[in-house]
Amino acid sequence: MKNNKFFLCTLWGFIFTLSSCVNHTPPESYGPVPKASQMKWHKMEYYMFVHFGPNTFTDVEWGDGKENPKVFNPANLDCRQWAEIARNAGMKGIILTVKHHDGFCLWPSQYSTHTVRESLWKDGKGDVLKEFVAACKEYGLEYGVYVSPWDRNHPAYGTPEYNRIYANTLAEIYQNYDGANMFEQWFDGANGEGPNGKKQEYDWTLFEQTSYEANPNMILFSDIGPDCRWIGNEKGIAGETNWARLNTAGFGRGHDAPANEVLNTGEMDGQHWIPAEADVSIRPGWFYSPFTDDKVKTVNQLMDIYFTSVGRNANLLLNVPPNREGRIASVDSLRLMEFKKARENTFAENLAVNATISVSEVRGNAKGFSGKNLTDNDYDSYWTTNDATQTAWVEVDLNEPKTFNLLLLQEYIPLGQRIAGFRVDFWNVSTNEWNSLLEATTIGYKRILRFPAVTTNKIRIDIQKSLACPVLNNIELYNAPHSL
Ligand code: FUL
């Protein structure tokens, strides 16, 4: 009897200890994490930038604000054509330059005398912004605006008074053009001298407040966020290491921004979730010019840009400038469709979809965190380990040899960005040993790795450095038909 009691006590103690080691609860988030609006933004991945204004007609990139507003006279403006092309190109939205550095407003602003109202277009009664927002809505696209703080036309620029004028301009846009539904506000960092020879001291707190008041879910872009940051170049190239995290204390926009190299890679210890957006133009300039009709980027260049932006944890903002008619030229739209086809061909068949996944460890041995979640096509299910684990491996067994040259990985970023170093090996079917395929650092929302094609039945992803237990939610393998 006594012995039995002792046995039962020991058994209960053992079970208790065991169950406290086994963890069925999701990991705590690590470091800064995306807001719901940022999560939605990450999933957009690819959208259109539209530079349009007086510069479209004058072959310059930076109008000086003294241009005659009458030069703005598109013969056949058609925002629905832009929207239809963007949608057919697989883009999720459009951001329009409603005011560039020349100060010219594409809507009849009460805060400016340099607007569509002063142009010849539609006898001064037109409103590009109105047509743009209506077209995006009609085609199911998100819409956003670029409103340059630097204004080379406004007489108050360079004085404290201008900050209020600029904030009022933003408020006017939000109020009259459904700002509550705008997905992104693009704050350019450029800051030149005003008519008095002075640079504006921008009141960023006021500008941000004005935007969030209209829509707390608006993504505010600038060199340093707060919601997404500049990638540090205008080529569409994110760093091979790219953290969606940044330290902003002591930094500003434009000349006060962190070094371009820092913006390009983000910071492993960044205190804020500020993911990168890569802006690049399909032509050499941001604005249309007939001189660049034969210089539209090739499909191979666009595919490269896709891999160095979306494939490196950044969103791609591809500029497609309408011509003097106010329409996207056929050379640009054809290229966008070829680019879409090339992506469809590349990602036509995920070879990992039926793979058998083995992992070094499953959190609490719980089914909910198993390796199967890596191929189930459900964004919100993921594989993870116990809290103390910071190195781990995943083996992807394809059951038979397959040829591929692309590996797509996703970290479950709602719990933070964690992975800082990993390698991938493939099973060499002729020598029966593991051979090295690649080594890389970060993953983030999405990472697509390119390599010379291999034919093998299995690969192994070795996570060698993770800031907290790794949390991966997706693995895909593809054999891109074109040269990479
Ligand atoms: C820059 C501007 O100066 C260019 O004209 C362009 O608008 C680009 C997207 O941002 O800062």
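**Close-up views of a predicted model**

**View 1. Helix 6 has the span its residue count suggests.** Helix 6 covers residues 161–176, and its 16 residues should span 22 Å at 1.5 Å a residue. The C-alpha atoms at its ends are 23 Å apart, which agrees. The expected span is 1.5 Å times one less than the number of residues. Helices (H or I, at least four residues) and strands (E, at least two) are DSSP runs, numbered from the N terminus. This is a predicted model: local features need pLDDT of at least 70, side-chain atom pairs count only at pLDDT 80 or more, and totals for chains, interfaces and linings use all residues. Residues are numbered from 1 along each chain as its sequence is written, and side-chain values use heavy atoms, with hydrogens and water left out.

**View 2. Buried residues of helix 6 pack against helices and strands.** Among the buried residues are Tyr162, Ile165, Leu170 and Tyr174. Buried means under 20% relative accessible area, exposed over 50%, and partly exposed in between (1.4 Å probe, protein chains only). The packing partners are strand 2 (93–99), helix 5 (128–138), strand 3 (142–147), strand 4 (184–186) and helix 7 (204–214). Contact means heavy atoms within 4.5 Å. Aspartate 178 follows helix 6, with a positive phi near 55 degrees.

**View 3. Residues surround the ligand.** They are Phe49, His51, Trp62, His100, His101, Tyr146, Trp186, Asp188, Glu234, Asp279 and Trp286. Each has a heavy atom within 4 Å of the ligand. By class, five are nonpolar, three polar and three charged. Here Ala, Val, Leu, Ile, Met, Phe, Trp, Tyr, Cys and Pro count as nonpolar, Asp, Glu, Lys and Arg as charged, and the others, Gly among them, as polar.

**View 4. Side chains meet ligand oxygen atoms.** An N or O atom in the side chain of tryptophan 62 is 3.0 Å from a ligand oxygen. For histidine 100, a polar side-chain atom lies 2.9 Å from an oxygen atom of the ligand. For tyrosine 146, the distance from a polar side-chain atom to a ligand oxygen is 3.0 Å. Taken alone, the ligand exposes 290 Å², and the protein buries 90% of that. Accessible areas come from the Shrake-Rupley method with a 1.4 Å probe; for residues, only the protein chains shown count as cover.

**View 5. Threonine 292 sits in the loop between strand 9 and helix 9.** Threonine 292 is buried, with a relative accessible area of 11%. The backbone oxygen of serine 289 lies 2.9 Å from a polar atom of its side chain. Not counting residues up to four places away in sequence, threonine 292 touches Arg283 and Pro284.

How values were computed:
A polar contact is a pair of N or O atoms within 3.5 Å; within protein, one must be able to donate a hydrogen and the other to accept it, and residues adjacent in sequence count only if both atoms are side-chain atoms.
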